[in-house]
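Me: Before I rely on the labels attached to this model, I would like to see how each one follows from its criterion. Could you take me through them one at a time?

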Amino acid sequence: MHILKIIHGYPPLYNAGSEVYSQTLCEALAQNHQVTIFTREADPYRPDFEVRIVQLEKNLTLYIVNMPREKDGFDHPDLNVRFAKYLSTLNPDVAHIGHLNHLSTGWVNVLNRAKVPIIFTLHDFWLMCPRGQFLQINFNQPAFYQLCEKQDDQICAQNCYNRFFPSSVPHIQDLTYWTHWIAKRMAATRTLCQYVDVFIAPSRYLMKRFISDFGIESSRIQYLDYGFDRQRFMGRKRQKESAFTFGYIGTHIPSKGVDLLIQAFSTLEGDVQLRIWGRESGQSTQALKSMAALSANVIEFKGEYVNKNMLEMVFNYVDAIVVPSIWMENAPLVIHEAQACGVPVITADAGGMAEYVQHKVNGLLFQHRDKNSLADQMNYALANPEEMKQLGNRGYLFSSDGQIPDIHQHVADLEDLYESLINSSYPSNPSTYVAHHA
């Protein structure tokens, strides 16, 4: 098959969860299929929408679209035209979308007109939330980063897009403008959903949210957890240290709750240390380092890691991994990766985080967004190191041997899905699809 993969970032330029998963998937698919990847970069010294082509290996090609000045746009007609020209030449059998943020929602219409079957893996809430995480910015308000229960155009405007208002005092014209802008954006994502043949959700929590909150028909969405190259995580050898070591792996952005972790960790007493891995994020990282410098406990910033070498670079140097995200994470890769290495996870009792960690079965849960509750669970881990090892050894909840899903079986499942859509004579239309696949 010729598989077209669309994702808003690809390693090494972008190294978060959806991008890392996409790389693992594409490399595995390329062993038996031709894979073309459309992704993006942000080079401010080259023209917008210019495409750079990189041949990674025999069956794996990157088409990298330059998007340096795009901010909150969502549909770019000029880019859609360019994409259509490439598509007519490439002629893929199936398109697998991972994310359209920083790209163009219009690409789905282009694919539909070309009669290319479309699969869409949901990595977050971006289709039903303009910012993707149901996490408000709350600009110029005392309580910021508040959670949203649902999407509302006017609430989006006044709590997230008011940072674009010319004054901190909302003016009715500004509020009206951004409310209409968000309504238009939401109409675009709802429309593109009509042309997706199958949605894939890596957590049941996310699947239920898209069915109940966004109206995706249950017949057009299925649960399928991520697949992993399990060989990368075999043979962990914990390096001997006297201190109990907590670890954080990921980006240094507010939604990840690293500040919450530092605050909770700083209250611990005993022989303890915290290691923070991840690509630096400008002043956000500097602020976290300043916060860490005030702690009496040892906090080390270890810098960026190479995902393919996480065992040697990260997991051999921790006793527990903390996932403190303040938004409702979907199915964090780091939870799976820690479980593959036999490392216990401490995470929040919410969203997809709580789906993959059961309290005192394969890890510990704390009350979401509560630093005191997090500190309590970290204290428990510190006082019970042998129990923590046992929790880590349990691994993945949904297999008898604790093994996380294997990328090869994951690919086989996707191949079956791709082939069923390619061989179907039905177009990408909800009504006909439901009738055929119900």
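**Labels and their criteria**

Reply: Cys148 is buried, because its relative accessible area is 19% and buried means under 20%, with exposed over 50% and partly exposed in between (1.4 Å probe, protein chains only). This is a predicted model, in which local features need pLDDT of at least 70 and side-chain atom pairs count only at pLDDT 80 or more, while totals for chains, interfaces and linings use all residues. Residues are numbered from 1 along each chain as its sequence is written, and side-chain values use heavy atoms, leaving out hydrogens and water.

Me: How do you know that Cys148 is in no disulfide?

Reply: The nearest cysteine sulfur, that of Cys160, is 5.9 Å away, whereas a disulfide requires a pair of cysteine sulfur atoms within 2.5 Å. A search of the whole structure finds zero disulfides.

Me: What makes the sulfur of Cys129 unable to count as bonded to that of Cys156?

Reply: The sulfur in Cys156 is the closest cysteine sulfur to that of Cys129, but at 6.1 Å it is too far for a bond. Cys129 is also buried, with a relative accessible area of 7%.

Me: Why is the contact between Arg69 and Asp48 called a salt bridge?

Reply: The N to O distance between the two side chains is 2.8 Å, and the term asks for a side-chain nitrogen of Lys or Arg within 4 Å of a carboxyl oxygen of Asp or Glu, so the pair qualifies. Arg69 lies in the loop between strand 4 and helix 2, Asp48 in the loop between strand 2 and strand 3, 21 residues apart; here helices (H or I, at least four residues) and strands (E, at least two) are DSSP runs, numbered from the N terminus. Arg69 is partly exposed at 48% relative accessible area, and Asp48 is partly exposed at 29%.

Me: What makes Arg230 and Asp406 a salt bridge between distant parts of the chain?

Reply: Their side chains meet at 3.9 Å, N to O, which satisfies the 4 Å limit, and the two residues are 176 residues apart. Arg230 counts as partly exposed, at 27% relative accessibility.

Me: Which labels do Asp229 and Arg232 receive for accessibility?

Reply: Asp229 counts as partly exposed at 26%, whereas Arg232, at 13%, counts as buried. Their side chains also meet in a salt bridge, with an N to O distance of 3.4 Å.
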